[in-house]
Amino acid sequence: MDSIISIKDLSKIYNTGFEALKNVNLEINKGEIIALLGPNGAGKTTLISTICGIVSPSSGTVTVGGFDIISDFRKTREMIGLVPQELTLGAFDTVWSTIRFSRGLFGSKRDDAYLEQLLKDLSLYDKKDSEIRALSGGMKRRVLIAKALSHNPKVLFLDEPTAGVDVELRKDMWKIVNKLRSQGVTIILTTHYIEEAEEIADRVGVINNGELLLVEQKEHLMESLGKKQLVIDLKESVKKIPPSLDKYNIELTDDGMQISYTYVVKDEEVEISDVLNEISNSGLLLKDLKIVQSSLEDIFVDLVKEK
Amino acid sequence: MNLMAIKVIYLNEMMRFWKTLFQSVASPVISTALYFVVFGSAIGSRIENIDGVSYGLFIVPGLTMLSVLTQSISNASFGIFFPKFTGTIYELLSAPVSFYETLIGYVGAASTKSLILATIILVTASLFVELNIAHPFWMLGFLVLTCISFSLFGFIIGLWADNFEKLQIIPLLIITPLVFLGGSFYSISMLPPLWQKVTLFNPVLYLVSGFRWSFFEISDVGVGLSLLMVLLFLSVCIAIIAWMFNTGYKLKQ
Ligand SMILES: Nc1ncnc2c1ncn2[C@@H]1O[C@H](COP(=O)(O)OP(=O)(O)OP(=O)(O)O)[C@@H](O)[C@H]1O
Ligand SMILES: [Mg+2]
């Protein structure tokens, strides 16, 4: 596949002496959606900011569409749209003036029809003449998206697009992302949520402490790392787990009110229906059940242990 | 060259001026009128003519310079400081816009605002005194050069400042005293000899003197020297900006 962004040996040491990126290497393919997963402070925003020109790299090179981000910054930046993590907008600008400003900054000719359509797609058209300060947080995020798309970028960076966003907007967001994908736009997004990465991305990169720990097709990642836990609340407390369930890795809480079964998703010998059958045959009185997926933190612990 | 970007930065900055048009026009009109009431009529009537020019008339160039200097600095420094403060600077940094294009947009807008301000002040003044400009071309030349140099200076302050205190401190502690002590409201010949010498180290003296010469053909220092000093100040500002640019000073992490 054609690579559109190529990151080689990229490191970033901030003025404070903090090493936020450590020798990162990554190829991003044209038209793919890649999710960067990582806990707070992992270096996701630093990585994105470096590619976009907001942070200067300490060493290493980045090319976008074959052009160097420093010597050919005009060409690379023209291709890129960025939705920042923070809601940074001029409070007194109107929606319309701010997106026209963005388009102009990128040197694109005025195209009101395109911008109007963009606002309609983002359900912002009726807020066209409102001042930013009169908008809700979710609307502000849409404005940031509109600004990022105002110059028809080929590459879109979404830095935690779903932080503080309700279900409705999240769905809208994925609709937009899918539409952009069908137009061939390459999308790089960051997130803390593994479900989000799973839902939307083709590939997932895991960052921790400034290191890119791995990049994989998301199916592989989930298979190799995803652990699930079946948690069952009981109606009456039991002293011990019935012997028929001994062969499974089932644990009982101290108060005897809850049992849990942990399994690795990729393990083929595990049959969740068998386990459920055995449980229901065992005579336990079930009150409620839920499945808990291993959190990103758990995955990190596993990943780091492996290294 | 991304001309479109320069244009939108410029227009975006000017928009704030138009949005608060009433305030933008009313405040210089009112303050100029107050100066004329207090200094021109009340106090000025007790002051002798200076080199054949009535006091009310004499203060017009100094008054204009005072406003132009302080407003150029504050407009340009706020213009670039504010995006840094709110975080909207990310957009400028990630756009295909060079440092110099950003500079031209911001400094151009700040200079334009100062020119408009100077015009308002001169028009208001002409309601109180009969204003004849001896060398309109030179007057405009001094004015434009001053607007640009001090807007550049303001831009430098705005880049350098990382909090509101730093933003205010140079205008407050350095520029305002220099303007008041630089012969805006008096001729240095009215000072004791020692203070006359000291005042010669004040760069603002040269600006005001040259500007005043273009109105009344009277000056504290030679007009050639004034012009030289303005150009020198402009060059120093450009040199600082170039240095900031080459070192990526304070804009990028
Ligand atoms: N301007 C800066 N100066 C010094 N250190 C910084 C700067 N910006 C970020 N850092 C540090 O670099 C590290 C990575 O920060 P970054 O913002 O890239 O993390 P992140 O993965 O985006 O985190 P989050 O999920 O919280 O957004 C953090 O430890 C942070 O403290
Ligand atoms: Mg971040």
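A residue is counted as near a molecule if one of its heavy atoms lies within 4 Å of that molecule, and the legends below use this sense of the word for a model that is predicted.

**View 1. The surroundings of ligand 1 in the predicted model.** Ligand 1 is surrounded by 16 residues, of which the closest are Asn40(A), Lys44(A), Thr45(A), Thr46(A) and His192(A). When these surrounding residues are sorted by class, the shell holds 5 nonpolar, 9 polar and 2 charged residues. The site is shared between chains, because residues from both chain A and chain B surround ligand 1. The element that gives the most to this shell is helix H1 of chain A, residues 44-52, which contributes 3 residues.

**View 2. Polar side-chain atoms beside ligand 1.** Thr45(A) places a polar side-chain atom 2.6 Å from an oxygen atom of ligand 1, and an N or O atom in the side chain of His192(A) is 2.7 Å from an oxygen atom of the ligand. For Tyr14(A), the partner is a nitrogen atom of ligand 1, which lies 3.4 Å from a polar atom of the tyrosine side chain. Taken alone, ligand 1 would expose 640 Å², and the protein buries 70% of that area.

**View 3. The magnesium ion, ligand 2, and its protein donors.** Two protein atoms, OG1 of Thr45(A) and OE1 of Gln85(A), act as donors to the magnesium ion and lie 1.8 to 2.1 Å from it. Thr45(A) belongs to helix H1 of chain A, whereas Gln85(A) sits in the loop between strand E6 (80-83) and helix H3 (95-105) of chain A, so the pair ties together parts that are 40 residues apart in sequence. Thr45(A) counts as partly exposed because its relative accessibility is 29%, and Gln85(A) also counts as partly exposed, at 27%.

**View 4. Helix H1 of chain A and the residue just after it.** Of the 9 residues of H1(A), 8 are buried, so this helix is largely enclosed by the rest of the structure. The buried residues are Lys44(A), Thr46(A), Leu47(A), Ile48(A), Ser49(A), Thr50(A), Ile51(A) and Cys52(A). Just after the helix, Gly53(A) takes a positive phi of about 100°.

**View 5. A buried salt bridge within chain A, between Arg203(A) and Glu32(A).** Side chains of opposite charge can pair when their charged atoms come close. Here the side chains of Arg203(A) and Glu32(A) meet in a salt bridge, with 2.7 Å from N to O. Arg203(A) lies in strand E9 (residues 203-208) and Glu32(A) in the loop between strand E2 (19-29) and strand E3 (33-37) of chain A, so the pair ties together parts that are 171 residues apart in sequence. Both Arg203(A) and Glu32(A) are buried, and Glu32(A) counts as such because its relative accessibility is 5%, under the 20% limit used for buried residues. A polar atom of the Glu32(A) side chain also lies 2.8 Å from the backbone nitrogen of Asn29(A).

**View 6. A salt bridge between the chains, from Glu91(B) to Lys147(A).** The side chains of Glu91(B) and Lys147(A) meet in a salt bridge with an N to O distance of 3.0 Å. Glu91(B) lies in helix H4 (residues 89-94) of chain B and Lys147(A) in helix H5 (residues 137-149) of chain A, so the pair joins two chains. Both Glu91(B) and Lys147(A) are buried.

**View 7. A salt bridge within a helix of chain B, and a network in chain A.** Arg16(B) forms a salt bridge with Glu13(B), and the closest N and O atoms of the two are 2.8 Å apart. Because Arg16(B) and Glu13(B) are 3 residues apart in helix H1 (residues 3-19) of chain B, about one helical turn separates them. Arg16(B) is partly exposed, with a relative accessible area of 42%, whereas Glu13(B) is buried, with a relative accessible area of 6%. In chain A, Arg142(A), Asp172(A) and Lys175(A) are linked in a network of salt bridges, and over all chains the count of salt bridges comes to 11.

**View 8. Asn23(A) and Asn209(A), each with a positive phi.** Asn23(A) has a positive phi of about 50° although it is not a glycine, and Asn23(A) is placed in strand E2 of chain A. With a relative accessible area of 46%, Asn23(A) is partly exposed. Asn209(A), again not a glycine, has a positive phi of about 50°, and its place is in the loop between E9 and strand E10 (211-217) of chain A.

How values were computed
Residues are numbered from 1 along each chain as its sequence is written. Chains are lettered from A and ligands numbered from 1 in the order in which they are written. This is a predicted model: local features need pLDDT of at least 70, side-chain atom pairs count only at pLDDT 80 or more; totals for chains, interfaces and linings use all residues. Side-chain values use heavy atoms; hydrogens and water are left out. A polar contact is a pair of N or O atoms within 3.5 Å; within protein, one must be able to donate a hydrogen and the other to accept it, and residues adjacent in sequence count only if both atoms are side-chain atoms. Accessible areas come from the Shrake-Rupley method with a 1.4 Å probe; for residues, only the protein chains shown count as cover. Helices (H or I, at least four residues) and strands (E, at least two) are DSSP runs, numbered from the N terminus. Ala, Val, Leu, Ile, Met, Phe, Trp, Tyr, Cys and Pro count as nonpolar, Asp, Glu, Lys and Arg as charged, and the others, Gly among them, as polar. A salt bridge is a side-chain nitrogen of Lys or Arg within 4 Å of a carboxyl oxygen of Asp or Glu. Buried means under 20% relative accessible area, exposed over 50%, partly exposed in between (1.4 Å probe, protein chains only). Donors are N, O and S atoms within 2.8 Å of the metal (3.2 Å for Na, K and Ca); water is not among the atoms, so sites may look incomplete.
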